[in-house]
Amino acid sequence: MGAVVGTLTMQTKQRRPSRDKADDDLEMTMVCHRPEGLDQLEAQTNFSKRELQVLYRGFKNECPSGVVNEETFKQIYSQFFPHGDASTYAHYLFNAFDAAHSGSIKFEDFVTALSILLRGTVTEKLQWTFNLYDINRDGYINKEEMTDIVRAIYDMMGKYTYPVLKTDAPKQHVDAFFQKMDKNRDGVVTLDEFILSCQEDENIMRSLQLFENVI
Amino acid sequence: MATGVAAWLPFARAAAIGWMPVANCPMPVAPRDNSKRQDELIILNVSGRRFQTWRTTLDRYPDTLLGSSEKDFFYNEETKEYFFDRDPDAFRSILNFYRTGKLHYPRHECISAYDEELTFFGIIPEIIGDCCYEEYKDRKRENLERLQDDQEENKDMKLPNMNFRETMWRAFENPHTSTMALVFYYVTGFFIAISVITNVVETVPCGSTANQKDMPCGERYTVAFFCMDTACVMIFTVEYLLRLFAAPSRYRFMRSVMSIIDVVAILPYYIGLVMTNNEDVSGAFVTLRVFRVFRIFKFSRHSQGLRILGYTLKSCASELGFLLFSLTMAIIIFATVMFYAEKGSSSSKFTSIPASFWYTIVTMTTLGYGDMVPKTIAGKIFGSICSLSGVLVIALPVPVIVSNFSRIYHQNQRADKRRAQKVKKARLARIRIAKSGSASAFLLSKRNGVLNELLELKGTDEDEQKLTRSTCLIESQHHHLLHCLEKTTAHEFVDEQMYEQNCLETALQTFPSRSPTISSHDSSVGTCCGCRIKRNTPLPNASTPSTHPIPTHQGPLQELSAIHIQCADPPSQTTTRSNLNLKTDDSSRINCKGGRITTAIISLPTPPALTPDGDGLHGPPQRRPPPAPGLPAAPSIQTTTSSASTNIVKVSAL
């Protein structure tokens, strides 16, 4: 009888330590971040106060703690691409947004990047895109980085595509890209080559202006 | 699209700039936001309590009442607010759903009232978050059971026209339905008790007669006991036959546990009747009597608790099995040890390991009969270890079984917990359908997309266009984003069936009837430009439309040539021969009304075929399924029908 009681109490005691650990974890993640003032942000970016308000409300709604970590970022981005797997591309995007490499995106990072993408000059946009492609931030885009990016984009399409996706489709795409961009045929694309080649391409120039009325 | 993150759509669209340098084809035009409405506050007056929220908050879920134009029916012009004559407390959780994207079920709410509110506001209950979903489902189940119980009581009151058989079965199953059933119930119970008591008393020694030793009563009053037994068995047999007759599914009844117990209870008697003559097998006959004790299990029909106990033991089988297994292990270990420890001593009772089993079991369960005791020191040491560990080995799994028992007992009380698995699957399926609605919504809109754009190109129905635009601006923006992705990768989204069919077709296409050089050109024309053309080519009689300021759309021919150059460049657009058919289907979709060159299915290995191809693509886009073999052919173009013709109709369903 005593053994039974003893074992029963042992069972109830077992639950508590795990709960404490969970509480500790919870406390650590409840970091809150407040952005700089509205005036400062307005000065730093190309958005008006109203636009910043709308942006912040949406941002804070999805991330009440004020920062986006990579998991949440991937989840949010994946919701727009229900067909395929957007997590790889979201990872690269995350790194591009997270300029300070802190592991989380604050509202300032978010709004700075958006300001470049939506309201920046062509050169700024191309610089940002170059930064996105240059995964290891060494100033050059080599074929592996580009293949990773292109494959990530193709992953977003999912399986059910027409025509049926070939396994070497990304590679061919990358070859075409390098054909166009790599002027001196040294196997890597530098920022200047990139900007120059893009400026030569009318389609790219046009499509860069495509999203100006997004907000 | 999960419109809960509609606020992040601008970000997703901005991030699409990352695709632009990679894309080879020009991008489609972005939908314009005609409604330059600023974000405004909406006042929702629910029975006097005013809630305020942004309009965009409500627009997140356009398929609900508050998110759609249905709320205009509740708009009050004088006070400029939306008035709902509903419960304001329940409305809180509904409004929070819009705000946070999660629907919670407040525990103090009545389940049916809450359900009604959800139905009124057009929200499906499956969206309730995981935190509250179990509670919601439990309450709903209880409510359902309560309703069912009420219904059953009513059902019992009035008897529909049941035939005699069904009446009997109902009488057997629910003794409370009629007095006859109750009488039958008590009579059988009584006889089960009599039978069991008889079996027990049979073996009691009944006082000695002239013989030397005590005889059990059974042998003394053989006739009386035999008569008693016969009577009981008669009753049981009649009962079994009646149940068999009344059962709706006789086969299932015969397989059920209760009927097997019935059969086992009465069989020994009949076997005994048959075998009384033969003295040799009377030994076996005696052992058959043991089975008469199974009659006691017939009580389980009379006791709900007994049934539950039996069921829980059955479901605890794994834990019991574990207990048995661990005990067996320990017994074998200790028996072996004790045997070898006691081997040395003389006149040791531990003659073999199986003989030691008995000692081990008795010691481990702390019974300690004392018929076998170790005599050597080593034996005594191991014996004490054995008894100590016996306590542990038995005490450890028992609480597991006990807790399991109580868990299963409570589970059994609300037996639908097991059915909750099915409900959970159904719930997930419904949410998945709603979510995949977004995926298929894009494909659907592609089908309808051209119609919309035709409308706007014509510029006739401005208002209609504005209406369709304003109500699903977010949708159109999202679809534009997906369209850009398609352009970037030069592949299209299709749904699963289409994909399967395409795969099948590619598998079937084995004959190399076309030269590979065409494929690259053709494919590039097909994929990159085909879709584009069918979206943006103006009607033949319209001049360059001014209402549709596509900055990328200079002039049909110019653009085409530009595209040709563009797409001819990347050698990456090679396809296999088998894909050629599919590509040509794509371009074959570009049809025109009346007599112009339609398809671009090229079977001639000459590049100049491209130019007539270009002309062919001038035709206005038509989404109707193109007539399969009836494609008017240009002089230099032949249409390849083959199995591609059947493809044409199917693929254009995109």
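1. In this predicted model, the side chains of R141(B) and D138(B) form a salt bridge, with a nitrogen-to-oxygen distance of 2.9 Å. Both residues belong to helix α5 of chain B, which covers residues 130-157. They stand 3 residues apart, about one turn of the helix. R141(B) and D138(B) are both buried.

2. A salt bridge within a helix is also found in chain A, where the side chains of E202(A) and R206(A) meet at 3.0 Å, N to O. The two residues lie in helix α11 (residues 202-208) and are 4 residues apart, again about one turn of the helix. How exposed is E202(A)? Its relative accessibility is 52%, and E202(A) therefore counts as exposed, the cut-off being over 50%. R206(A), at 22%, counts as partly exposed because this value falls between the limits of 20% and 50%.

3. The salt bridge between the side chains of E81(B) and R50(B), at 3.1 Å from N to O, has another setting. This pair links distant parts of the chain: E81(B) is in strand β4 (residues 81-84) of chain B and R50(B) is in strand β2 (residues 49-54), with their positions 31 residues apart in the numbering. E81(B) has a relative accessible area of 5% and is therefore buried, since the cut-off is under 20%.

4. Salt bridges may also join into a group. Which residues of chain B are linked in such a network? They are E239(B), R243(B), D262(B), K298(B) and R301(B). Over all chains, a search of the whole structure finds 26 salt bridges.

5. The UniProt record, an unreviewed entry, annotates parts of chain B as "transmembrane region": residues 180-201, 221-242, 254-275, 320-341, 353-369 and 381-402. Two of these spans may be examined in the model. Residues 180-201 of chain B are 100% helix and 0% strand, and the C-alpha atoms at the ends of the span lie 31 Å apart. For residues 353-369 of chain B, the corresponding distance is 18 Å, with 71% helix and 0% strand.

6. Some overall values describe chain A. Its secondary structure comprises 11 helices and 5 strands. Chain A has 215 residues, of which 41% count as buried. When contacts in chain A between residues at least 6 apart in sequence are considered, 59% of them join residues at least 24 apart. The accessible surface of chain A amounts to about 10800 Å², and carbon and sulfur atoms account for 53% of this area.

Methods. Residues numbered from 1 in each chain as written. Chains lettered and ligands numbered in written order. Predicted model: local features only at pLDDT ≥ 70, side-chain atom pairs only at ≥ 80, totals over all residues. Heavy atoms only, no water. UniProt positions renumbered as here; feature names shortened; annotations may be inferred. Salt bridge = Lys/Arg side-chain N within 4 Å of Asp/Glu carboxyl O. Buried < 20%, exposed > 50% of the residue type's maximum accessible area, 1.4 Å probe, protein only. Contact = heavy atoms within 4.5 Å. Areas by Shrake-Rupley, 256 points an atom, 1.4 Å probe, with all protein chains shown as cover.
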